[in-house]
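Subject: Structure for your files, with notes

Dear colleague,

I am handing over the structure we spoke about, together with its sequence. Please keep it open beside this message while you read.

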Amino acid sequence: MSTKSVKVAVRVRPFSQRELDMDAVPIIEIEGKKTRIHNTKVHSVSKLEGDVSREAYKDFTFDYSYWSFNTEDSHFASQEQVFQDLGTDVVRNAFEGYNACVFAYGQTGSGKTHTMMGAQTPPSAQGLIPRICMVGKA
């Protein structure tokens, strides 16, 4: 059994068509296990009032931080990488007789279905659940 019973991961998903149509810009950065949120309101004020850069960003650290926003980025996290990091322990523990759970939490439209289910085609776009089910069939 894995020595760590709970893993916490965050994933930045690609923009939806609605977000693309609105010319939205990403405000999240990923660096290793660190996820940084850029507060655009504070940043615009800081230019007027001096250096308040510590307030312009909020950093969080997780067991895993995935950048899946743009497939062209060198640090892009594929569905396969997410499965290898998170899904394989779940499968192994289940086969060893332990209870196992994958739990996705987030706001509506935040990417839970993208991570958990993905798309049917191509196979590389399948999410955690189809991959976990395929391991059981192999």
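The notes below go from the overall picture to the sheet, then to the salt bridges, and finally to a few single residues.

Please bear in mind that this is a predicted model, in which local features need a pLDDT of at least 70 and side-chain atom pairs count only at pLDDT 80 or more, while totals for chains, interfaces and linings use all residues. Residues are numbered from 1 along each chain as its sequence is written, and side-chain values use heavy atoms, with hydrogens and water left out.

The overall picture

The average pLDDT of the chain (the predictor's confidence in each residue, from 0 to 100) is 87, and 86% of the residues score at least 70. Confidence is highest in strand β5 (residues 64-67), with a mean of 96, and lowest in helix α2 (residues 40-49), where the mean is 60. Where pLDDT is low, the predicted coordinates should not be read in detail.

The chain holds six helices and five strands, where helices (H or I, at least four residues) and strands (E, at least two) are DSSP runs numbered from the N terminus. Read from the N terminus on, the order of these elements is β-α-β-β-α-α-β-β-α-α-α. Of the 138 residues in the chain, 24% are buried; buried means under 20% relative accessible area, exposed means over 50%, and partly exposed lies in between, with a 1.4 Å probe and protein chains only.

The sheet

Three strands make up an open sheet with the order β2-β3-β4 and antiparallel pairing, two strands being taken as paired if DSSP finds at least two bridges between them. The edges are held by β2 (28-31) and β4, each of which has a single partner strand, so one side of each is left without a neighbour in the sheet. On average, neighbouring strands of this sheet are turned by 20 degrees against each other, direction ignored; for such angles, axes are lines fitted to C-alpha atoms, for helices over the stretch in contact, and angles run from 0 to 180 degrees between N-to-C directions.

Strands β2 and β3 run antiparallel and are joined by four bridges, with glutamate 31 standing opposite lysine 34 in β3. These two strands form a hairpin with two residues between them, and glycine 32 in the turn has a positive phi of about 65 degrees. On the other side of the pairing, strand β3 (residues 34-38) and β4 are antiparallel over five bridges, and histidine 38 stands opposite tyrosine 57 in β4.

The salt bridges

A salt bridge here is a side-chain nitrogen of Lys or Arg within 4 Å of a carboxyl oxygen of Asp or Glu, and by this rule the count comes to five. One of them pairs lysine 7 with aspartate 89 at 2.4 Å, N to O. Lysine 7 lies in the segment before β1 and aspartate 89 in helix α4, so this pair ties together parts that are 82 residues apart in sequence. Lysine 7 is partly exposed, with a relative accessible area of 28%, whereas aspartate 89 counts as buried at 14%.

Aspartate 89 also forms a salt bridge with arginine 92, the closest N and O atoms being 2.0 Å apart. Both of these residues lie in helix α4, three residues apart, which is about one turn of the helix. Through shared partners, Lys7, Asp89 and Arg92 are joined into one network of salt bridges.

Within the sheet, arginine 36 forms a salt bridge with aspartate 59, with the closest N and O atoms 2.7 Å apart. Arginine 36 is in strand β3 and aspartate 59 in strand β4, 23 residues apart. Both count as partly exposed, arginine 36 at 24% relative accessibility and aspartate 59 at 36%.

Single residues

Phenylalanine 60, which has its place in strand β4 (residues 57-61), counts as partly exposed at 32% relative accessibility. Phenylalanine 83, found in helix α4 (residues 79-95), is buried, with a relative accessible area of 7%. Phenylalanine 83 and glutamine 126 are 43 residues apart in sequence and 9.7 Å apart in space, C-alpha to C-alpha.

Valine 6, in the segment before β1 (9-12), counts as exposed at 54% relative accessibility. Its C-alpha is 9.6 Å from that of cysteine 101, although the two residues are 95 apart in sequence.

With best regards
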